[in-house]
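Hi,

Here is the structure I said I would pass on to you. Have a look at it first, then read my notes below with the viewer open.

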Amino acid sequence: MPRLDPEIVALLLPTANAALTAALEWADRGWPVFPLAPRDKLPVIPSAHPKGDPLRGKCAGQCGELGHGVNDASRDPDKIRRMFDRHPTAGIGGATTGRLVIDLDLQAGGRQVEQLPPTRTHLTGRANGNTHRIYRLGSSTLAHAVKSGHIVPGVDIKTGSGSYICLPPTRHPATGLRYSLLDDQSEHALTDQDVRAVWRAYGRPLPGEQQERKTPDAGSPSPSRDTTSSGGAFGHSEAVQVLLSPPRRGTGETNVALSKVAGFYARLFRDNREMYDHHVRQWLADVDPDYEDRDKTADSIWESERSKEGERAWAVAQSVERKLVEHEAKILFGKTLAELDPADPFDFGTLEEILARPEQAQFRVEGLVLADGFTSVVAQRKTGKTTFNLNLADSFLTGRDFLGRFPVVPVSGNVAILNYEVSGYQLGMWAESVGLDRKRLLLVNLRGRRNPLVHEQDRAALADLLRSRDVESLFIDPFSRAFYGESQQDNTQVQAFLNDLDVFARSEVGARDVILNVHAGWNGSRSRGASALEDHPDSIILLRKDGDEDDESGLRYMKALGRDVDVTEDQLHFDPESHRLSLTGLGGLAKRRKEQKSTNLGGPILTAVKEDPGANTTQIEQRLRGTGVTFQKGDVNAALQAMGEAGTIRREKGRYGAFLHYPASEALDLSATSGEGSGDDF
């Protein structure tokens, strides 16, 4: 059975783990593989031995853990699945075990000599003609002696199990284009003769030999900076040497030298035959003006170089044709797939047609959750997120006003929770304490299980199950565990996940409402992660609390914003008997903290007023600072106003309009208004 090229597999199966599919194919071809970070050449799996670990730099995988770079490379399908399973967008690194790869970087001056034997060749994806020429080490003693490194500038060697290259269809870091196949012939097994020819063509000593350093004669000319160097794009270093040190007439070396010089000028003036002829004749006039085969040799070299360009153009045309075939195959595959699995029709119509449809409610929860909407519940740690969600689910099912304030249009179907965070039994006990309908709340408990949104079969089975149970509202808790991308900070990946979640919930499950729980950032004012988490939802409900993160007694607060949603922050109340939540009308956290500041300053201010009756605000502030009381600008004035309104002190306008402060005839007990101990624990 013929095997598909990994690049074609990636094009035809975009929804599958294309990286895993291609990696297994390369392993089947004899390549040990491991995953690379998307659009990078570094391993995607973090080091098993971070800084400070005594095994860092010493362990090459003996510890049994993944995270050793190229030393993770393997042909074992089970290990490959373990490495690539969570990295569907990874690149593919191929260890050059038993191989020698010549990496030609044209932008660094690399050049391809004709002594390189034909072999399997890959384009690197830089889109400038850079290639990887892949050879087998075979039985060549010289090939086995080669070490990874440079031959000449722009020509690198990758060989042995400690080196690797990027294999198709990996994307190039600089361009985003995929590494691809240029020449699909078998990998040539190098011989000692091949190695000698290639290394000599590049002017390098054979592997294991020392470079002989030649000291130029005192009278020999230094090469001009304008002359093309041996690593340049115009070819052979020997041609440059001949130009600098031409042969003497009558030595029998003219024909060989002319061939090299003519080849040099043919590549230099590839589009100008007159310039080519001029420079060849000028050089020959200085060397041997009577040389009889001048025109014959010059014509032959010109045609030979033009033929090479024609071969390259043909190779390029073939590569373009292959890519066009792949592109057409991808389009045809998409059309065929659409016929086998047709999508829902577009929701389309003129404004008049849309407005003529039967009227439907704008909100599921009036002023808070839009009908057919996407709502995010962004919550700080230990703010009672689960209790809040269960109260919301109960209102969906019963139509009971949510939080005692917001009218609800109840669902006719059922409510389901994709629970990634706690055990099914724990969530069930909490739901029972709220009094949720046992037959209409569906719990899908996914903690410790592979993510069904990633695996095609699991996803289809889950969608069928939820659709069969008439799920109308779908809760996902939390985003961080349902997300299947590489980085929760990457906007592109997060937006793609949210779009896909909408497709799953609405097109595959048939749900109308999507409620996604997201952990809040450090100050509770926004979601943790990419900004797409703020942009995608129709409405965002924010839950935060007063006090330290681990303080169970802190007061809880809620506010909401979004499309036609603007709910100012208010304090939540938790009924420990019914486990139901309600809004208190006492205002938000900022108001609470302002009142708390006034309360904390009340005692010191009352003391200052008693000690100095008739003091103005500035004088009271000076007294407080003198006793070590700390406050910010405006805090004392606000506290004095509050105490005056409460009757704790008496305020009278003085001679110049400033308020003067006196003890009240009956001072109130400040502890009665402190608000301490009124927190709701839920």
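**What I found**

Let's start with some rings: Phe479, Phe483, Tyr484 and Phe497 are linked into a cluster by ring pairs. Before you go hunting for them, keep in mind that this is a predicted model.

**How far to trust it**

The mean pLDDT of the chain is 84, and 87% of the residues reach 70 or more. Two stretches deserve some caution. Residues 9–15 have a pLDDT below 50, and this stretch makes 11 contacts in the model beyond its near neighbours in sequence. For residues 211–236 the pLDDT is also below 50, with 26 contacts beyond near neighbours in sequence.

**The chain as a whole**

You'll be scrolling through 682 residues, of which 44% count as buried. The chain has 19 helices and 21 strands. If you take the contacts with a separation of 6 or more, 67% of them come from residues 24 or more positions apart. As for the outside, the chain exposes about 37,100 Å², and carbon and sulfur atoms supply 50% of that.

**Salt bridges, and one arginine to look at**

How many salt bridges does a search of the whole structure find? The count is 28. I'd begin with the one where the side chains of glutamate 472 and arginine 364 meet, at 3.1 Å from N to O. Glutamate 472 belongs to strand β14 (residues 471–477) and arginine 364 to strand β9 (residues 363–365), so this pair ties together parts that are 108 residues apart in sequence.

Are these two side chains' residues buried or exposed? Glutamate 472 is buried because its relative accessible area is 8%, under the 20% cut-off. Arginine 364 is buried too, at 3%.

Arginine 364 also has a salt bridge with aspartate 513, at 2.9 Å from N to O. Here again the pair links distant parts of the chain: aspartate 513 is in strand β15 (residues 513–519) and arginine 364 in strand β9, 149 residues apart. Aspartate 513 is buried, with a relative accessible area of 0%.

Now move over to the helices. Arginine 459 and aspartate 500 meet through their side chains in a salt bridge of 2.7 Å, N to O. Arginine 459 sits in helix α13 (residues 456–468) and aspartate 500 in helix α15 (residues 491–509), so the pair ties together parts 41 residues apart in sequence. Arginine 459 is buried, at 11% relative accessible area.

Which residues do salt bridges with shared partners join into one network? They are Arg364, Asp372, Glu472, Arg512 and Asp513.

While you have arginine 364 on screen, turn the view to find phenylalanine 396. Arginine 364 lies over the face of that ring, 6.0 Å from the ring centre.

**Back to the rings**

The count of aromatic pairs comes to 11. One of them is formed by tryptophan 26 and tryptophan 31: the ring centres are 6.3 Å apart and the planes are at 80°. Why does this pair count as edge-to-face? Because planes over 60 degrees apart get that label, and 80° passes the cut-off. Tryptophan 26 is buried, with a relative accessible area of 1%, and tryptophan 31 counts as buried at 1% as well.

Tryptophan 26 has another neighbour you should look for. Arginine 29 lies over the face of tryptophan 26, at 5.1 Å from the ring centre.

Phenylalanine 264 and tyrosine 265 make another pair, with ring centres 5.4 Å apart and planes at 75°, so this one is edge-to-face too. Phenylalanine 264 counts as buried at 5% relative accessibility, and tyrosine 265 counts as buried at 11%.

**One on the outside**

Last stop: glutamine 193, which has its place in helix α5 (residues 192–201). Glutamine 193 is exposed because its relative accessible area is 62%, over the 50% cut-off. Try picking its C-alpha atom and then that of leucine 142: the two are separated by 9.0 Å, although they are 51 residues apart along the chain.

Have fun with it, and write back if you get stuck!

Technical notes. Residues numbered from 1 in each chain as written. Heavy atoms only, no water. Salt bridge = Lys/Arg side-chain N within 4 Å of Asp/Glu carboxyl O. Helix = DSSP H or I, 4+ residues; strand = E, 2+ residues; numbered from the N terminus. Buried < 20%, exposed > 50% of the residue type's maximum accessible area, 1.4 Å probe, protein only. pLDDT = per-residue confidence, 0-100. Contact = heavy atoms within 4.5 Å. Phe/Tyr/Trp six-rings, centres within 6.5 Å; stacked < 30°, edge-to-face > 60°. Lys NZ or Arg CZ within 6 Å of the ring centre and 35° of its normal. Areas by Shrake-Rupley, 256 points an atom, 1.4 Å probe, with all protein chains shown as cover.
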